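Dear colleague,

I am handing over the structure below, and I would be glad if you could look through it with the notes that follow beside you. They begin with a term that is needed early on and then go through what was found.

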Amino acid sequence: MGTVAAAPGPAPSHTTGSPKLTLFAALLGFVMIALDASAVNVALPAVGRGLGGSTAGLQWIVDAYTLMFAALLLSAGAFSDRLGASRLYAGGAAAFTLASVACGLAPSLGFLIGARLVQGSAAALMLPSSLALVRQAFPDSRARAAAIAQWTMAGAASTAVGPVLGGALTSSVSWRSIFFLNLPVGLIVLAALRRTERSARRPAPLDLPGQLTAIVGLSALTYGVISGGASGFGRPQAWGSVLLALVSFGVFGAVEHRTKEPMLPLGLLRDRVVAVCLAVGFVINAAYYGLIFVFGLFAQDVLGRSAVGAGLVFMPTAVLCTITNLLSARAAARWGARTPVLVGQLACAAGLLVLLLVNGHTSAPGLALLLLPLAGGLGFAVPSLTAMMLGGIAPERAGLAGGVLNSFRQTGGALAVAGFGALVAQHGGFVTGLHVSLLISVALLAATTVATLALPKAGRS
């Protein structure tokens, strides 16, 4: 997933509990979210065969989850404060588990997409509240840092294992077993939470009009892109959806401007460092996750690999991404955050150009090798990108900034799945659409790299 949401500060608790058990519950929930998100991609062709879905339908299986995740991240911190992190996490885990069972039982593509909407909403509520629980359970800063490191690495490792596990389950059992796997995991999480500390509730403002208009705008834009790619942008459902998105975003801007406690303070976007960081996060996620969706279909539909074979193609990229995440922190400490962000973007752009060599005769091992520069660049840029953004704002706004950055990143991935999926579905052929997607990504990365170069060189992080 590549997402670490900012969490509210530690809250007083009403009952005692084991810090280790709290960490276990928080970590296991994050593992469930990360596994589900990465495992589903390699199962999409099997879902299409089983439920009769087109490329457009398969795009919605990914985007229904990602869009709700991205939109609700903006308000998740406020929900966590108002309800208490432990209550929100338990509710999110229960909803995620039930939605997973519904996904596994889905009789139709529409039903599956609806259940994925619920999954994405639950994941958005779980992620920041799980991190808040860890902070609450470990008041000592050194112990808390170690616990958060374990939490982060568990998510990264799950993302790496997800495609292989998803492919193995799809090939040996069924794509439905990916979702059923969440049932015992979710029950264990809920059982562990019964013996953990109860979080206090704190007053926090909720910007419901802003949240609703954000969801409508993002959903309408994604639907318009997917619909236009499937049946042409001249049709009413395509241009009408894009028009609805523009109106919704306009209303969103007006709401945020007038609201006393906005979900997204517009003044934050006027800061040059913040604006560049949001653009970089959007583009990097679009390039990586949009293309991972496309290459997952390519490995099976064009190269003829099995689901588990397609999963193995992405295993090296996920492992490399985890390693370069660690190297990024060291580079930022030595040269400042801007340097690894620049190097990461350049590596991503170079990796995209290398991927232009991919065609219908590319072998699966060759594809795995060609994907490595892109993955390495992403992993090297993202941790320092977060540090660069947080370094340019007041500490009391760190939670808000983290949520906004991750929301922009997830939105970039969702829109890229819609746009790149539309391109490969065109009559020019899969490989042609793939190459056009690569060139678009290179152009966007070139623009954000230039914008990053224009920022003042930061000091050491």
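Two rings of Phe, Tyr or Trp (for Trp, its six-membered ring) count as an aromatic pair if their centres lie within 6.5 Å, and the pair is called stacked when the planes are under 30 degrees apart, edge-to-face when they are over 60, and tilted for the rest. Please keep in mind throughout that this is a predicted model. With that definition in hand, a search of the whole structure finds 7 aromatic pairs.

One of them is formed by tryptophan 60 and tyrosine 223, whose rings are 6.3 Å apart from centre to centre with 35° between the planes, and this pair is tilted. Because tryptophan 60 belongs to helix H2 (residues 55–83) and tyrosine 223 to helix H8 (residues 208–231), the pair ties together parts of the protein that are 163 residues apart in sequence. Tryptophan 60 is buried, with a relative accessible area of 16%, whereas tyrosine 223, at 38% relative accessibility, counts as partly exposed.

A further pair joins tyrosine 65 and phenylalanine 69, and since the ring centres are 6.3 Å apart and the planes meet at 10°, this pair is stacked. Both residues lie in helix H2, 4 residues apart, which is about one turn of the helix, and both tyrosine 65 and phenylalanine 69 are buried. Elsewhere, Phe295, Phe298 and Phe430 form one aromatic cluster.

For the overall picture, the secondary structure of the protein comes to 17 helices and 0 strands. The C-alpha atoms fill a box of roughly 60 × 50 × 45 Å, taken along the principal axes. A compact globule of 461 residues would have a radius of gyration near 23 Å, and the protein has 21 Å, which agrees. Buried residues make up 56% of the 461 residues, and, among contacts with a separation of 6 or more, residues 24 or more positions apart account for 85%.

The interior can be described through its largest nonpolar core, which has 129 residues, and in which Ile61, Leu112, Phe295, Leu355, Leu367 and Leu434 are those with the most contacts inside it. The largest share of this core, 19 residues, comes from helix H11 (residues 272–302). Leucine 367 touches Phe295, Phe298, Leu303, Val313, Leu355, Val358 and Thr362, if residues up to four places away in sequence are not counted.

Why can helix H4 be called largely enclosed by the rest of the structure? The reason is that 23 of its 29 residues are buried. Helix H4 covers residues 109–137, and at 1.5 Å a residue it should span 42 Å; its end C-alpha atoms are 41 Å apart, which agrees.

Helix H12 (residues 307–335) holds phenylalanine 314, which is buried, with a relative accessible area of 5%. The C-alpha atoms of phenylalanine 314 and proline 163 are separated by 6.7 Å, although these residues are 151 residues apart along the chain. Leaving aside neighbours within four places in sequence, phenylalanine 314 is in contact with Val42, Pro163, Ile292, Phe295, Gly296 and Leu371. Threonine 322 also lies in helix H12; threonine 322 is buried at a relative accessible area of 16%, and, not counting residues up to four places away in sequence, touches Met153 and Ala156.

Another threonine, threonine 452, lies in helix H17 (residues 430–453) and, at 0% relative accessibility, counts as buried. What joins the side chains of threonine 452 and glutamine 345? They are joined by a polar contact of 3.1 Å. Apart from residues up to four places away in sequence, threonine 452 touches Val276, Val280, Arg338, Val341, Leu342, Gln345 and Met388.

Last comes a loop residue: serine 174 is found between helix H5 (141–172) and helix H6 (176–180), and at 23% relative accessibility serine 174 counts as partly exposed. Measuring from C-alpha to C-alpha in the model, serine 174 and alanine 43 are 8.8 Å apart in space, while in sequence they are 131 residues apart.

With kind regards

Conventions:
Residues are numbered from 1 along each chain as its sequence is written. This is a predicted model: local features need pLDDT of at least 70, side-chain atom pairs count only at pLDDT 80 or more; totals for chains, interfaces and linings use all residues. Side-chain values use heavy atoms; hydrogens and water are left out. Helices (H or I, at least four residues) and strands (E, at least two) are DSSP runs, numbered from the N terminus. The expected span of a helix is 1.5 Å times one less than its number of residues. Buried means under 20% relative accessible area, exposed over 50%, partly exposed in between (1.4 Å probe, protein chains only). A nonpolar core is a set of buried Ala, Val, Leu, Ile, Met, Phe, Trp, Tyr and Cys residues joined through side-chain atoms within 4.5 Å. Contact means heavy atoms within 4.5 Å. A polar contact is a pair of N or O atoms within 3.5 Å; within protein, one must be able to donate a hydrogen and the other to accept it, and residues adjacent in sequence count only if both atoms are side-chain atoms. The radius of gyration is taken over C-alpha atoms; the globule rule is 2.2 Å times the number of residues to the power 0.38.
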